[in-house]
Amino acid sequence: MRIIDLTLDNQQLVHQAAELLVVGFHENWPEAWPNIEEALAEVRDVIAPDHIARAAVAPDGTLLGWVGGLPEYEGNVWELHPIVVRPSLQGQGIGRALIADLEE
């Protein structure tokens, strides 16, 4: 696994990030991103110039999870939004690795 920037330059990864929002939140928060269109809009919002978006990617290019960091209180605090890991891979430290990376 490697952690890289999630940018609009990589549309395949952007689409995977949107799909992951729909799938990852479906069970516990289905109204968050009920469809791919709303999820794509969210991914594009998070990938703004003053935000941070990091992605955990498998060697084959599959997105394992991703995290967004949004500056709040004039940049003194960063809100984690969103953080999502493939449901089948949760509990394996991917989310923890993403947060540690974001903190750096």
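The legends below describe close-up views of a predicted model.

**View 1. The whole chain, with its helices and strands.** The protein contains 3 helices and 4 strands, and someone reading along the sequence meets them in the pattern β-α-α-β-β-β-α. Taken along the principal axes, the C-alpha atoms fill a box of roughly 35 × 30 × 30 Å. A compact globule with 104 residues would have a radius of gyration near 13 Å, and the protein, which has 13 Å, agrees with that expectation. Of the 104 residues, 38% count as buried. Among the contacts with a separation of 6 or more, 50% are accounted for by residues 24 or more positions apart.

**View 2. Helix α1 and the elements it packs against.** The 16 residues of α1 should span 22 Å at 1.5 Å a residue, and the end C-alpha atoms of this helix are 23 Å apart, which agrees. The buried residues of α1 are Leu13, Val14, Gln16, Ala17, Ala18, Leu20, Leu21, Val22 and Phe25. An α-helix has 3.6 residues a turn, so residues three or four places apart point the same way. The student can keep this in mind when following the buried residues of α1, which pack against β1 (2-5), α2, β2, β3 and β4.

**View 3. The largest nonpolar core and its neighbour.** The largest nonpolar core holds 22 residues, of which Leu6, Leu21, Val43, Ala55, Leu63 and Trp66 touch the most other members. At least two residues of this core come from each of α1 (11-26), α2 (36-46), β2 (52-57) and β3 (63-72), and α1 gives the most, with 8 residues. Apart from this core lies another, of 8 residues, among them Ala58, Val85, Leu98 and Leu102. Leu21 touches Trp33, Ala39, Glu42, Val43, Trp66, Pro82 and Val84, when residues up to four places away in sequence are not counted.

**View 4. The aromatic cluster of Phe25, Trp29 and Trp33.** A search of the whole structure finds 3 aromatic pairs. In one of them, Phe25 and Trp29 meet edge-to-face, at 5.8 Å centre to centre and with 65° between the planes. Trp29 and Trp33 also form an edge-to-face pair, with 5.9 Å centre to centre and 65° between the planes. Phe25, Trp29 and Trp33 form one aromatic cluster. Within this cluster, Phe25 counts as buried because its relative accessible area, 18%, is under the 20% limit, and Trp33 is buried with a relative accessible area of 7%. Trp29, in contrast, counts as partly exposed, because its 41% relative accessibility lies between the limits of 20% and 50%.

**View 5. The hairpin of strands β3 and β4.** Strand β4 (residues 77-85) runs antiparallel to β3, and 7 bridges join the two. Pro71 has Trp78, in β4, as its bridge partner. The hairpin has 4 residues between the strands, and in this hairpin Tyr73 takes a positive phi near 50°. In a regular strand the side chains alternate between the two faces of the sheet.

**View 6. Asp101 in helix α3.** Asp101 has its place in helix α3 (residues 94-103). Is Asp101 buried or exposed? Asp101 counts as buried, because its relative accessibility of 18% is under the limit of 20%. Leaving aside residues up to four places away in sequence, Asp101 touches Ile3 and Arg54.

Conventions: Residues are numbered from 1 along each chain as its sequence is written. This is a predicted model: local features need pLDDT of at least 70, side-chain atom pairs count only at pLDDT 80 or more; totals for chains, interfaces and linings use all residues. Side-chain values use heavy atoms; hydrogens and water are left out. A nonpolar core is a set of buried Ala, Val, Leu, Ile, Met, Phe, Trp, Tyr and Cys residues joined through side-chain atoms within 4.5 Å. Buried means under 20% relative accessible area, exposed over 50%, partly exposed in between (1.4 Å probe, protein chains only). Contact means heavy atoms within 4.5 Å. Rings of Phe, Tyr and Trp (its six-membered ring) pair if their centres lie within 6.5 Å; planes under 30 degrees apart count as stacked, over 60 as edge-to-face and the rest as tilted. Two strands pair if DSSP finds at least two bridges between them. The expected span of a helix is 1.5 Å times one less than its number of residues. The radius of gyration is taken over C-alpha atoms; the globule rule is 2.2 Å times the number of residues to the power 0.38.
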